[in-house]
Amino acid sequence: MGLVWSCKSGNSADTDADYLPQDVLQSCTLTPEQFATWFDKGKVSENGFVNAANSLTFGFKSNCDFYKWSEQMFLWMTSPADDFGIGKRVIESPVFYTVSPEDSLGHRTFIQHRKGLLLSAVTGLEKSIGIDSEEGQATGDALMAKDGSMVYYITMVNDVYAQFLTAVKDGKMSGRTFPTTQSVLDSIVAYAKTNNVTLPDATALAMEIKTSWVDVAKLKDADSYIQIDALVPTYDKTATKWTITGQRKARLALLGMHVVGSVAGHPEMVWSTFEHKAVSPNLSYTYVDKENKVKTVKGDIKGDWVLNSKPQDTVNINVSHMKFKGNAVYATFEGAPEGNTVSPSNSTRTKPWGVADSGVPNPRNATPAIANSEVISINNSIMSMLAGNDLRKNYMFIGSTWTEKGAAPNGRSYAATDAAPGVAVGSSQLANTTMETYIQNGTGYNKQGSCFLCHSSFNRKVPQLSPDTISHVFSDLKPLTIVVGGKTVKLK
């Protein structure tokens, strides 16, 4: 094996933690000519601007098509937005909106990005309820880096998503599914124009992303991370409870990102995830080499990791130390370790490339080794062609999941004995160690081990594709302001 990364990470130079197999079967790749077309000027440049993938013309022939779409979208959203401000990126531009935390009534609002506005892991929505923040994962668990810094989360959607939701709540569109066709997109674009809004990247269709961040103050090799200035909480701290008291400005580093979007034929959306390479160690995994031999990569038992101080301990991993609710992080909860405090836990990626260690992961990959090889292969392909010290070389693509033919997700993952319409395929056991830290379900197959366990109507007899069952924020979001009779009004 040889180095795939050319930028330094937080890992020690004398470990194997910085390596990906370079002899992997090249089962998912791009040619340099194809990769160059992703860039705005048709030429690869260091930290250069990458265009959004055209989700309308998305064509599915193999798993690799989903993986390429995911990679291009990540590179687009983390591209520089120079016309918006020096050092800013597309996710900080007006193309995206921050989704606020819930207020006391369970409502969320769109916060459009603009010059001078800090992105916010803390949003003062209503003075009567104080400061709201996003520090809890989907399960309510909170996460802390080994240096004692809290991990913060920011959810965002793009302008197509925002205009689509507003049109639906304005009664101008049915909104039965997220947009996947030209005719529906035309309706969204037309609706936006009535509100004097232009959608510059409309063919990206509806995008929803969740990002995880940590304070750079104590972070090793902080320059290897994509960074933003943002508002984060201040706390009144005890050993077992941190209570939010206010907010402060901080410089944050991007740890991970869920990239989720609708594409042609897939209203259930494609669910993909990325992590900085120094976040968490891997457990062992298999892959197929260029000679079609199955090889095993041992787990990372040393190295310098943001979320793990004892990589050699592969048993006492992914044990939650904290919950988050209301305005506090707390360590006293049912099932907490004895004598538990607000403190870091040791996070490990148990399924390094989004599939279980045995079984049939999806209809097109007969073994985990074959599935892993596709994801490793596209990582190597992209990393080898990014120019110079492009910051995006430091972020690994972990995998993507979707359903066959865009069927309504039923909450289960594909197995040789379960190929029913609506099961998760592709990286069918996908998780991000910064966002689903404690529900990775170990190394083995779990029938409810995909994103669609929560992002579906699995508890209904008939699975649904409606946006409010696919997205956790769609039903809670208040619409944007719109123009009626020349006056700007807010919909209720």
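Seven bridges link strand β11 to strand β12 (residues 266–276), and the two run antiparallel. Strands here are DSSP runs of E at least two residues long, numbered from the N terminus. Two strands count as paired if DSSP finds at least two bridges between them. V259 has S272 in β12 as its bridge partner. A hairpin with two residues between the strands connects β11 and β12. In that turn, G265 has a positive phi of about 85°.

This is a predicted model, in which local features need pLDDT of at least 70, side-chain atom pairs count only at pLDDT 80 or more, and totals for chains, interfaces and linings use all residues. Residues are numbered from 1 along each chain as its sequence is written, and side-chain values use heavy atoms, leaving out hydrogens and water.

Strand β11 (residues 241–263) has further antiparallel partners.

| Partner of β11 | Bridges | Bridge pair |
|---|---|---|
| β9 (residues 207–215) | nine bridges | V214 with A253 |
| β10 (residues 227–237) | 11 bridges | V232 with R248 |
| β16 (residues 328–330) | three bridges | W242 with V329 |

β10 also joins β11 by a hairpin, through three residues.

Now for confidence. pLDDT is the predictor's confidence in each residue, from 0 to 100. The chain averages 90, and 90% of the residues score at least 70. Residues 1–17 stay under 50. The model gives them 57 contacts (heavy atoms within 4.5 Å) beyond four places in sequence. Residues 123–130 are also below 50. That stretch has 17 contacts beyond near neighbours in sequence. Where pLDDT is low, the predicted coordinates should not be read in detail.

Conventions: Helices (H or I, at least four residues) and strands (E, at least two) are DSSP runs, numbered from the N terminus.
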